[in-house]
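Here is a model to look through together, one question at a time. Each answer sets a value against the criterion behind the word.

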Amino acid sequence: MAAYRGRFAPSPTGPLHFGSLVAALGSWLDARYHQGTWLVRIEDIDPPRERAGAADAQLRTLAALGLHADEPVLRQSTRGAAYEVALNALRASEQVFACRCSRSDLAPNSGLHLACVTRPSGTQAALRFRPLASVVSFADRLHGKQTQAVPDTIGDVVLRRADGLHAYQLAVVVDDAAQGITDVVRGADLLASTTPQIALQQALHLPTPRYLHLPVVLDNQGRKLSKSLTACPIDDQQPLTALRAAWRFLFPDVSTPVGNTPTEWLRQAVDAYCPGALDRRNRPVSS
């Protein structure tokens, strides 16, 4: 079995908030528990959504928390050539096609793309991936077996947008393979993205990592915290407070580790970490 390699991959749309910390701590702990390597990747492939200086601020917060990457940070904005190589491979196997459908065209089908709507040929085109697999299954380490009928529930996935920007689904698959990621530990809001990513891995003949989807932090209205105005940034001056709160969210039934510095606390947390005790529930911080 390949040596464990995990990663945390934030998007630089704002400061690191509590929901992101839960994912970061969970992935870091799992890597340390398995005596593996932990990487940080900045998903900066969507400039219109990014905030100036956010990536550097996120990295400073991770450092204040004692969560240091074991290798240089990878920024997806530098990876365009690799994404084009993957697209060319999919073109050669006739698994991508140009699509000029707008969001309003797909609205009647809840945004799912199953077939193109006729539009003027001059309209800018996106590139979509049409999976060949009819069914994709995988075993999530926390949620068990997951099976999805690809054509009916996923549709044709955008890999390069009409504005020329590479899409998340392509970038994450290419970069996980390039960095040798063996284990993806992330929020359960991405659980539904896993089957199209596996279909894309299969189409590109890339390895499939193991997956563990952690509970998602919600606000009091049941929305993912990052979508909420209550998603306050982590206070770099109070790292232990943030780390303890993230532990209690992941392990509500396990005693919180002790320690007077982030390094000391994290050492105790690795000793106390038990994947089998992770909570599955998406819930507000206060619960």
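Q: In this predicted model, which residues touch the most other members of the largest nonpolar core?
A: Phe18, Leu21 and Leu67 do, within a core of 40 residues. At least two residues each come from α1, β2 (37-42), α2 (54-64), β10 (210-214), α8 and α9 (262-272). The biggest contribution is that of α1, which gives nine residues.

Q: What makes a set of residues a nonpolar core?
A: The members have to be buried nonpolar residues joined through side-chain atoms within 4.5 Å. A second, separate core of 29 residues also qualifies, and Ile45, Leu87, Ile181 and Ile198 are among its members.

Q: Which residues is phenylalanine 18 in contact with, leaving aside its neighbours within four places in sequence?
A: Happily, there is plenty to look at: Val217, Leu225, Cys232, Ile234, Ala242, Ala245, Ala246, Phe249 and Val285.

Q: Why is α1 called roughly perpendicular to α8?
A: Helix α1 (residues 18-33) and helix α8 (residues 239-250) pack at about 75°, with axes 9 Å apart. Angles of 65 to 115 degrees count as roughly perpendicular, so α1 earns that description relative to α8.

Q: What residue classes make up the contact of α1 with α8?
A: There are 12 nonpolar residues, one polar and no charged ones. On the α1 side are Phe18, Leu21, Val22, Leu25, Gly26 and Leu29, which meet Ala242, Leu243, Ala245, Ala246, Trp247, Phe249 and Leu250 of α8. Gly counts as polar, so Gly26 takes the polar place in this contact.

Q: Why does aspartate 175 count as buried?
A: Its relative accessibility is 0%, and buried means under 20%, so aspartate 175 meets the criterion. This residue lies in helix α6 (residues 168-178). Beyond its neighbours within four places in sequence, aspartate 175 is in contact with Arg41, Leu74, Gln76, Arg79 and Tyr83.

Q: What makes β1 and β3 edge strands?
A: The three strands form an open sheet in the order β1-β2-β3, with parallel pairing. Both β1 (5-8) and β3 (74-75) have a single partner strand, so one side of each lacks a neighbour in the sheet.

Q: How do you know that β1 and β2 pair?
A: Pairing takes at least two bridges, and these strands have four, in the parallel sense. In one of them, glycine 6 is matched with tryptophan 38 in β2.

Q: Which helices pack against these strands, and at what angles to β2?
A: α1 lies across β1 and β2 and runs at about 150° to β2. α2 touches β1, β2 and β3, and its direction makes about 155° with that of β2.

Note on methods: Residues numbered from 1 in each chain as written. Predicted model: local features only at pLDDT ≥ 70, side-chain atom pairs only at ≥ 80, totals over all residues. Heavy atoms only, no water. Axes fitted to C-alpha atoms, helices over the stretch in contact; angles between N-to-C directions. Parallel < 35°, antiparallel > 145°, perpendicular 65-115°, else oblique. Contact = heavy atoms within 4.5 Å. Buried < 20%, exposed > 50% of the residue type's maximum accessible area, 1.4 Å probe, protein only.
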